[in-house]
Every structure is written in structure tokens, then in C-alpha cells.
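Biologist: I would like to learn how to read the surroundings of a bound ligand, one feature at a time. Could we work through an example together?

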Amino acid sequence: MPTYLSGIQPSGLQHIGNYFGAIRQHIALQEEAGEHFYFIADFHALTSVRDPEELRTYTRETAVAYLALGLDPEKAVLWRQSDVPEVHEIAWLLATQCGMGLLERAHSYKDKTAQGIKPSVGLFTYPILMAADILAYDSTHVPVGKDQVQHLEMTQDMAGYFNNHYGEVFVRPECLLASTKQAQKVVGLDGQKMSKSYGNTIWIFEEGKKLKKIINKIVTDSRPPEEPKNPDELFLFDTMSLFMEADKVNEWKEKVRAGGEGAPGYGHLKGAIYEAMEAYFAPARERRKELLADPAEVDRILAAGAEKARARACEVRARAFTACGLR
Ligand code: ADP
Ligand code: TRP
């Protein structure tokens, strides 16, 4: 039986790129036969979030986002990474086998330090902790975005180093890459990939006037509505496609292509995106509010998740300790 596992960093409020690129796939998988493990990677977020109140808020908001967007705690285990300290013990075992060269080749360390994140030892060794996150639960399938593929390959390598030396202890996981265009790259307000670090995000639960204002920030040019345009060159339509059926999007595209009297201007198109997004997340927005009003319920779900996750991590740790002579 497959064991699906993934983690998401509470390094900010989750945006629609995180939703279409990761969260949606995680939640959809709970319908597949197998076990489902999802955790809030708060240890990892410490590499970039230095304010304790912020970390607490983002951690809660991330858990609430998963639940509001449809994660069912009866089907999937949801917990906070820091509630399972055994991952650090497993990370140490992997660290003793992992060569420096492997970490030195990691793109994410270079990318993140280039964005101004402190080049801490924690950030450098992050792939080891991530490998432990995966191997600690005997995960077989790890749904992640393209940017995490290298980390998955490093996890496979680390499992291999350990197993070659000590015998078959860790299960070698497979990477599950979402194949749709949306899942691979949601564009931000400026047409670049949407990312917390580029300040071009739309928060999943934004609503009303604020949402309208943000959508109005999508970058366009100053051509007038009547000028015919090639809709494929307007990334505005990529955002529209996230929330609207393809035939509706095509109707808008045709009007833009035709131009002339009565053709929609950019403001008009942004208004349509606003309405579609507002409606798309309306039920989840309401559930988020209910969950935030009942923090004890969220705590109960996370505690129950941590208990199940920890039981598995303890089994795997025992196997690994025995194999390498610690017991
Ligand atoms: P950010 O770039 O905002 O810090 P993360 O690196 O924390 O986002 O990404 C968390 C998950 O969301 C990853 O699996 C990543 O692939 C996915 N993701 C992030 N941004 C996008 C995007 N713009 N399009 C598609 N997926 C994304
Ligand atoms: N590194 C992942 C990210 O930044 C988050 C993460 C941490 C993760 N541990 C994991 C993802 C284990 C999958 C499996 O998005």
C-alpha cells in the first residue's frame, strides 16, 4: 500500500501558487487507497521566519488552510513537524553518511541565499532534515513541486548510502510530480512565478475590497480596449484560467482578440477574475473563519496527527538505531 507524504513550510500565508502547485494535489490524494501524511514544516520555516509570533501565526494559518480547503483528518494525518522530534535523530544518522558534495550541489541553498535569506548552517543542511522527514515515515510517494525534485533525489541518495552500509532500513521514496501547467507554475502579479520572496502573491483567503485591489495590481500595458490583442501574450489569462472554466476563458479571449467597440479593457477582465476567485474560495473562506474561531478543535486535530506520525517515526528510528549499533 502506498504511503503518500508531503510537507509545507509555514514561511508565510499560503498563496494561490501554493494551492494550485501543492496543497490541492495533497488534498486530492486523500481519496486514493493508501496512507496519507501531511505536515507543517515549522522546523524548516525557522530558516527564514525569525519572529516567534509570525511563526505561530503562519503555522496555525497553514494548518487551518489545509483543513478549510478540504483535508479530512479521518483520511489524512496532519501534524506539526516539531511535534515529532525523532526526525532530528534520523537526520543525524543521515548526516553521518551524507557527503559534503551532495549538499554543495543543492540549488535551493544558492537560490535562497541569493534572495537574502541568511546563509545559516541550518539552511545548508536543510536537505538532510527534509530527507529525514520523508524517510521517518516509510513514505513511498512524495507529491512536490518541480523546485523540490532535487531534494527528493538527494533523499533517495541518502537512503541509498545508509542502506548500502547498514542494510535495508529506509524505504526509497518516489517523487510524484503534478503534471498540469497550473500545478507547475502559477504566475504572480508581475508575470514572474508567484512566490513569497518576490512579493507578487495573492493570498488564498483574501476577499472583498482587498482582493479587488490586489487583482487590480496584475501588471498590464496601456493599450486601449478597442485595440485587438493576442490573448496568449497576456498572462492575465493564466490567472483567469485558475478560477474559470475553459470555455468561459475562451469567450473573453475571443473578445480581446477581436478588439473594437465594446471589447473588454484590462479593468473589465480583472473584475471578472476577481468575481471568479471570490466565488472559487468562498466555501473554504467560511470554513477558515469557523476553524479560527475554534482553536481547540484545530489543536485536537494536530495533536491526534502528531501521535500517529510519532508512532511511525519511533518504529523507523528503532530500526535505524538497531542497524547502526546504537542499541
Ligand atoms: P514560495 O516560493 O512562495 O516561498 P514555497 O517554496 O514555500 O513557496 O513552495 C511551497 C510549495 O508550493 C512547493 O511545493 C512549490 O512547488 C509550490 N509552489 C510555490 N509557488 C508556486 C507557483 N508559483 N506555482 C506553482 N507551485 C508553486
Ligand atoms: N522543502 C519543502 C518546501 O520548501 C517543504 C518540505 C519539508 C517537504 N520537508 C518535506 C516537502 C518533506 C516534502 C517532503 O516546499
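Biologist: How many nonpolar, polar and charged residues does the shell around ligand 1 have?

Modeller: Bear in mind throughout that this is a predicted model. A shell can be read by sorting its residues into classes, and by class the one around ligand 1 has four nonpolar, seven polar and four charged residues. There are 15 residues around ligand 1, and those that come nearest are His 15, Asp 147, Val 186, Ser 195 and Lys 196.

Biologist: Which atoms of the protein lie opposite the polar atoms of ligand 1, and at what distance?

Modeller: Here one looks for pairs of N or O atoms within 3.5 Å. An N or O atom in the side chain of Asp 147 is 2.7 Å from an oxygen atom of ligand 1, while a polar backbone atom of Val 186 is 2.8 Å from a nitrogen atom of the ligand. A polar backbone atom of Gly 145 is 3.5 Å from an oxygen atom of ligand 1. As for cover, ligand 1 taken alone exposes 540 Å², of which the protein buries 87%.

Biologist: Which elements give two or more residues to the shell around ligand 1?

Modeller: Those elements are helix H1, spanning 16-29, and helix H9, spanning 181-184; H1 gives the most, with four residues. The space that ligand 1 takes is the largest pocket.

Biologist: Turning to the other ligand, where does ligand 2 sit, and which residues are closest to ligand 2?

Modeller: Ligand 2 sits in the largest pocket, and 13 residues surround ligand 2, the closest being Gln 9, Tyr 126, Met 130, Asp 133 and Gln 148. By class, the shell around ligand 2 divides into seven nonpolar, five polar and one charged.

Biologist: Which side chains have a polar atom facing a nitrogen atom of ligand 2, and at what distance?

Modeller: The same kind of atom pair is the thing to look for. For Tyr 126, a polar side-chain atom lies 2.6 Å from a nitrogen atom of ligand 2; for Asp 133, an N or O atom in the side chain is 2.8 Å from a nitrogen atom of the ligand; and for Gln 148, a polar side-chain atom lies 3.0 Å from a nitrogen atom of ligand 2. On its own ligand 2 has 370 Å² of accessible area, and the protein covers 90% of that.

Biologist: Which element gives the most to the shell around ligand 2?

Modeller: That is H7, with four residues. Strand S1 (3-8), helix H7 (121-135) and strand S4 (141-144) each supply at least two residues of this shell.

Methods. Residues are numbered from 1 along each chain as its sequence is written. Chains are lettered from A and ligands numbered from 1 in the order in which they are written. This is a predicted model: local features need pLDDT of at least 70, side-chain atom pairs count only at pLDDT 80 or more; totals for chains, interfaces and linings use all residues. Side-chain values use heavy atoms; hydrogens and water are left out. A residue is near a molecule or strand if one of its heavy atoms lies within 4 Å of it. A polar contact is a pair of N or O atoms within 3.5 Å; within protein, one must be able to donate a hydrogen and the other to accept it, and residues adjacent in sequence count only if both atoms are side-chain atoms. Accessible areas come from the Shrake-Rupley method with a 1.4 Å probe; for residues, only the protein chains shown count as cover. On a 1 Å grid over the protein atoms alone, a cavity is a set of points where a 1.4 Å probe fits but cannot get out, and a pocket is an open set with protein on both sides within 12 Å along at least five of seven lines; lining residues have an atom within 4 Å of a point. A molecule sits in a cavity or pocket if more than half of its atoms lie within 2 Å of its grid points. Ala, Val, Leu, Ile, Met, Phe, Trp, Tyr, Cys and Pro count as nonpolar, Asp, Glu, Lys and Arg as charged, and the others, Gly among them, as polar.
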